[in-house]
Amino acid sequence: MKITINKKSNKKPFILRIVLTILVTYICVMFTATWWDAYNNDRSVYYAAKNLHVFYLLSAIVMIILTAFLIISVNRLIEDKFESERRRRLFADAMAHDMKTPLSIISNYAELIMDEKSEDSRRRYAQTIIDESVSMNDAVVTMLDLSMMEAGTYPMDLSDFDLTEIIRSDISRHKVLLDEKNMSIREEIPEDIIMFADRKLISMALSNFISNGIRYGREGTELTVSLTKDKNRIRISVFNVGNPIPDDEIRKIWDTFYSVNEGNARSSGLGLAVVRNICQMHGGEYGCSNKDGGVCFWFEIGSQEDR
């Protein structure tokens, strides 16, 4: 079942039309009623005009209110345009930044292949080029998905799936990265947890948490992945041993393109923004907290049967 969540539905034009309709109707009714009363009672034009003074005052008040409303609406519209342009530039800058490193690597290793005589070395260089190409493709796909999510045009594909199986599959995919940092993983996952949601998006959110935990986790430590269920809501959390996140940055890390610079950790600043959007699309919650010796990221969503 596929649905599209429109996150940025704008109701201002509709409200404005209602206000204008009410105002025009009010003016027409008051004007007609005053002149009709003068005509039926054989009163002069001066009498009708005199009685319209209150009407003019009320109309002026209504017009002032309407003008203020229009000014605020136009100001917000201009701010939205500036914000949209700012995000577009950030998107282009992030795309250029994320493409620069792998393109340089690909170029350098391609030159090495041309001069290298050893077949084993040539194969190793070729594999590096393939890996960097996959990394570039993943970055582009992530940016495009995030762009659709923030625009409210990403189609959700809702279905029943085994969440336990999804989590263990995601953990398995990160085994190579875990081994590179000599990290182990502890699973606190109950069996046979069935969820009705978007399987791909839930897996994407969890994968971002795990890769984030590995990136900033201390070498040789343990990563803990937990799953709990309360009625029809599930909560997934990932804890890594490492430096705490400064309090003034905990809210910022969920913003698009924002990343915490720590050591050699390389991040595009997209992963947590993707998690935030996925949670919002499912009507869920997300968060981060510093705990003894490390950081815990979590998200909580409910089953989507009512969608």
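"Buried" here means under 20% relative accessible area, and by that yardstick helix 7 is mostly covered, with nine of its eleven residues buried. Keep in mind while browsing these close-ups that this is a predicted model.

**View 1. The whole chain, before zooming in.** The protein chain has seven helices and eight strands. Of its 307 residues, 36% count as buried. Look at contacts in the chain with a separation of 6 or more, and 73% of them come from residues 24 or more positions apart.

**View 2. Helix 7 and what sits over it.** Nine of the eleven residues of helix 7 are buried. Here is the roll call of those buried residues: L272, A273, V274, V275, R276, N277, I278, C279 and M281. What covers them? The cover includes helix 3, strand 2 (155-162), helix 6 (199-216), strand 7 and strand 8. Just after the helix, have a look at the backbone of G283: helix 7 is followed by this glycine, and its phi is positive, near 70°.

**View 3. Helix 3 meets helix 7.** Two packed helices are described by the angle between their axes and the distance between the axes. For helix 3 (residues 119-151) and helix 7 (residues 271-281), the axes come within 10 Å and cross at roughly 40°. Angles under 35 degrees count as roughly parallel and 65 to 115 as roughly perpendicular, so helix 3 and helix 7 are oblique to each other. Helix 3 passes helix 7 in a left-handed crossing. On the helix 3 side, the contact is made by T142, L146, M149 and E150, while helix 7 brings A273, V274, R276, N277, I278 and M281. Sorted by character, the residues of this contact come out as six nonpolar, two polar and two charged.

**View 4. L103, a residue of helix 2.** L103 lies in helix 2 (residues 45-115). Is this leucine buried or exposed? Neither, quite: L103 has a relative accessible area of 45% and is therefore partly exposed. While you are here, find M136, which is 33 residues away from L103 along the chain. The C-alpha atoms of L103 and M136 are separated by 8.4 Å.

**View 5. The five-stranded sheet.** This open sheet has its strands in the order 3-5-6-8-7, with mixed pairing. Strand 3 (184-188) and strand 7 are the edge strands, each pairing on one side only. Ignoring direction, neighbouring strands of the sheet are turned by 15° against each other on average. Within the sheet, strand 5 (residues 222-230) and strand 6 (residues 233-241) run antiparallel and are joined by eight bridges. If you want a pair to click on, D230 has R233 of strand 6 as its bridge partner.

**View 6. Two helices lying across the sheet strands.** Helix 4 (residues 163-173) lies across strand 3, strand 5 and strand 6, and runs at about 170° to strand 5. Helix 6 lies across strand 5, strand 6 and strand 8, running at about 175° to strand 8.

**View 7. The hairpin of strand 7 and strand 8.** Strand 7 (residues 285-291) pairs with strand 8 (residues 294-302) in the antiparallel sense, over seven bridges. One pair to pick out is S289 with its bridge partner C296 in strand 8. The hairpin has two residues between the strands, and G293 takes a positive phi near 80°.

**View 8. Y286 and its neighbours.** Y286 lies in strand 7. At 26% relative accessibility, this tyrosine counts as partly exposed. F299 is 13 residues from Y286 in sequence, and the two are 4.1 Å apart in space, C-alpha to C-alpha. Setting aside neighbours within four places in sequence, Y286 is in contact with W254, R276, C279, Q280, W298 and F299. One of these, R276, also takes part in the contact of helix 3 with helix 7.

**View 9. N240, a buried asparagine.** N240 sits in strand 6. Why does N240 count as buried? Because its relative accessible area is 3%, and the cut-off for buried is under 20%. Neighbours within four places in sequence aside, the contacts of N240 are G213, Y216, G217, L223, G293, G294 and V295. Among them is G293, the residue with positive phi in the hairpin of strand 7 and strand 8.

Technical notes:
Residues numbered from 1 in each chain as written. Predicted model: local features only at pLDDT ≥ 70, side-chain atom pairs only at ≥ 80, totals over all residues. Heavy atoms only, no water. Helix = DSSP H or I, 4+ residues; strand = E, 2+ residues; numbered from the N terminus. Buried < 20%, exposed > 50% of the residue type's maximum accessible area, 1.4 Å probe, protein only. Axes fitted to C-alpha atoms, helices over the stretch in contact; angles between N-to-C directions. Parallel < 35°, antiparallel > 145°, perpendicular 65-115°, else oblique. Left-handed = near helix turned anticlockwise from the far one by under 90°. Contact = heavy atoms within 4.5 Å. Nonpolar A, V, L, I, M, F, W, Y, C, P; charged D, E, K, R; others polar. Pairing = 2+ DSSP bridges.
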